[in-house]
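Please open the structure shown below in a viewer that can select residues by number. The tour proceeds by selection, one stop after another.

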Amino acid sequence: MIVGPNAAGKTNLLEAAFLFSAGKSFRAGRESEMVTWGESTARVEAAFAGGSRHKAALTLDASGRVIRKSFELDGKAKPTKELRRRFPMVLFSAEDGRLVDGSPGRRRRALDLVVGQGSAAYQDALSKYNRALASRNRLLEQIAAREASEAELDVWDVQLAEAGTQVVDGRAEYVGSSADPLRNAYDALTKRSGHAAGRLSVAYEPVADFEALLRSRRGQDIAIGTTSAGPHRDDWSILLDGRALASFGSGGEFRSAALAWRLAEAAWLAAVTEREPILLLDDVFSELDHARAKSLQDALPDGQSVITTPEPSEVPGALREGAEVIEIEPKERVDA
Ligand SMILES: Nc1ncnc2c1ncn2[C@@H]1O[C@H](COP(=O)(O)OP(=O)(O)OP(=O)(O)O)[C@@H](O)[C@H]1O
Ligand SMILES: [Mg+2]
């Protein structure tokens with residue numbers, strides 16, 4: 001249990017740990033924010049039970065972009081894909097309720113992070129897709145500026161369709177195989193609330209024939225200078241008894257649904273990696289009523305949990321008992 005006031009660095013600490021499971025930050029977008037302002041490098045070192053020691057370093061260029069990420073395991077340099085399945089982690093954030101009603105990008109990111117942790121093939125397909133997408137978009141701009149011909153799109157369309165189909169299949173497979181854990185987790189989380197909570201499910205309807213879609217949208221894509229459809233625009237939604245929770249649920253229901261989603265992530269990762277994922281619970285108890293906090297405590301799988309909180313009394317007693325407590329204080333701000 002990591003205890004400290006607001007801005008002490010609790011989320012930073014979990015973000016650093018998560019780097020060893022996903023190879024990237026769980027916070028959206030700005031990976032460069034993992035490096036202290038004014039510095040060009042960030043280093044993280046971790047010792048895992050079982051004795052392995054891990055190091056990571058992030059280096060920024062002069063304009064503040066991440067240009068290098070390197071990982072070391074027991075003194076040897078390793079590509080990220082070798083780490084992912086070794087130390088699977090699931091992050092539970094106090095903001096997770098927004099998975100239900102937030103932006104599609106937030107949902108895509110969550111899905112990509114978990115599937116990528118469990119499957120190196122998925123991560124590869126996603127990287128290929130993103131590279132092909134960037135190339136295709138550059139080409140679309142060149143075509144619009146009459147600096148390239150439309151025929152040059154063919155080669156990118158083939159690559160994009162191939163990688164994109166793998167991405168979509170990986171997502172669909174995940175959604176399919178996490179259906180039972182998701183429903184069960186929601187039942188477990190809400191059973192103390194005293195009313196019938198309903199059946200939680202995820203709806204994900206990817207495009208059936210991505211290559212055909214790319215072809216049919218080509219004219220439009222050239223006109224707007226970007227690829228208008230594909231896995232990078234995908235979305236999924238959480239349903240309760242078949243209806244979109246985002247359109248009628250309460251904040252508490254959003255949070256319970258998101259907790260169920262995270263517990264399902266843990267179940268899936270445990271199955272595919274054959275390891276107990278480490279659970280990182282970032283200040284999640286303060287937002288839950290007593291019954292839900294207790295249910296979450298009961299629903300947490302075996303294995304290690306790291307819990308952050310500004311207020312230890314909000315963490316259910318049974319989790320506090322026997323927990324090692326680390327107190328952290330805000331660092332004084334050093335003004336450059
Ligand atoms: N790149 C950066 N360089 C320097 N400081 C940063 C950087 N990014 C974030 N910070 C600061 O680090 C501090 C710790 O942030 P963090 O989110 O870890 O706090 P926290 O303990 O989780 O707080 P809370 O309880 O409010 O969630 C904050 O003051 C934040 O403004
Ligand atoms: Mg925080």
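What follows is a sequence of selections, each with a short account of what is found there. The model is a predicted one.

**Stop 1: the ligand and its surroundings**

Begin by selecting ligand 1 together with the residues around it. The shell holds 14 residues, of which N6, A7, K10, T11 and N12 come nearest. By class, the shell comprises 5 nonpolar, 6 polar and 3 charged residues.

Keep A7 selected for a moment. A7 lies in the loop between β1 and α1 (10-22). Its phi is positive, about 65°, although A7 is not a glycine. Most residues other than glycine have a negative phi. Is A7 buried or exposed? A7 counts as exposed, because it has 12 C-beta neighbours inside 10 Å, and the limit for that class is 12 or fewer.

**Stop 2: strand β11 and its partners**

Next, select residues 305-309, which form strand β11. This strand is mostly covered, with 4 of its 5 residues buried. Strand β1, residues 2-3, pairs with β11 in the parallel sense over 2 bridges. Within that pairing, I2 stands opposite T308 of β11.

Add residues 278-282, strand β10, to the selection. β10 and β11 also run parallel, and 4 bridges connect them. To locate this pairing, display L281, whose bridge partner in β11 is I307.

**Stop 3: strand β6**

From β10, move on to residues 89-93, strand β6. The two strands β6 and β10 are parallel and joined by 5 bridges. M89 of β6 stands opposite I278 of β10.

Why is β6 described as largely enclosed by the rest of the structure? The description applies because 5 of the 5 residues of the strand are buried. Colouring the two faces separately makes the arrangement clear: M89, L91 and S93 lie on one side, V90 and F92 lie on the other, and all are buried.

**Stop 4: helix α10 and the nonpolar core**

Now select residues 251-273, helix α10. The helix has 23 residues and reaches 33 Å from its first C-alpha to its last, close to the 33 Å expected at 1.5 Å a residue. It is mostly covered, as 17 of its 23 residues are buried.

In soluble globular proteins, nonpolar side chains tend to be buried together. The largest nonpolar core of this model has 75 residues, and A257, A260 and L280 touch the most other members. Helix α10 supplies the largest share of this core, 12 residues.

Which residues does A257 touch, leaving aside those up to four places away in sequence? They are V100, Y186, L200, I238 and L245. Before leaving the helix, select E274, just after α10, which takes a positive phi of about 55°.

**Stop 5: a three-stranded sheet**

Two of the contacts of A257, L200 and I238, serve as a guide to the next selection. Display β7, β8 and β9, which form an open sheet of 3 strands in the order β7-β8-β9 with antiparallel pairing. β7 (200-204) and β9 (243-244) stand at the edges with a single partner strand each, so one side of each is left without a neighbour in the sheet.

Strand β8 comprises residues 236-240, and 5 bridges join it to β7 in the antiparallel sense. A convenient pair to display is S201 and L239, the latter being the bridge partner of S201 in β8.

**Stop 6: helix α6**

Select residues 153-177, helix α6. Its 25 residues reach 35 Å from the first C-alpha to the last, close to the 36 Å expected at 1.5 Å a residue. The buried residues of α6 include W156, L160, V167, R171 and Y174.

**Stop 7: two exposed loop positions**

Turn next to D74, in the loop between β4 (66-73) and β5 (76-78). Its phi is near 45°, a positive value in a residue other than glycine. D74 counts as exposed because it has 10 C-beta neighbours inside 10 Å.

The final selection is G322, found in the loop between α12 (317-320) and β12 (326-327). With 6 C-beta neighbours inside 10 Å, G322 also counts as exposed. To close the tour, draw a distance between the C-alpha atoms of G322 and L83: these residues are 239 residues apart along the chain, and their C-alpha atoms are separated by 29 Å.

How values were computed:
Residues are numbered from 1 along each chain as its sequence is written. Chains are lettered from A and ligands numbered from 1 in the order in which they are written. This is a predicted model: local features need pLDDT of at least 70, side-chain atom pairs count only at pLDDT 80 or more; totals for chains, interfaces and linings use all residues. A residue is near a molecule or strand if its C-beta atom, placed from the backbone, lies within 6 Å of it. Ala, Val, Leu, Ile, Met, Phe, Trp, Tyr, Cys and Pro count as nonpolar, Asp, Glu, Lys and Arg as charged, and the others, Gly among them, as polar. A nonpolar core is a set of buried Ala, Val, Leu, Ile, Met, Phe, Trp, Tyr and Cys residues joined through C-beta atoms within 7 Å. A residue is buried if 20 or more other C-beta atoms lie within 10 Å of its own, exposed if 12 or fewer, and partly exposed in between; C-beta atoms are placed from the backbone. Two residues are in contact if their C-beta atoms, placed from the backbone, lie within 7 Å. The expected span of a helix is 1.5 Å times one less than its number of residues. Two strands pair if DSSP finds at least two bridges between them.
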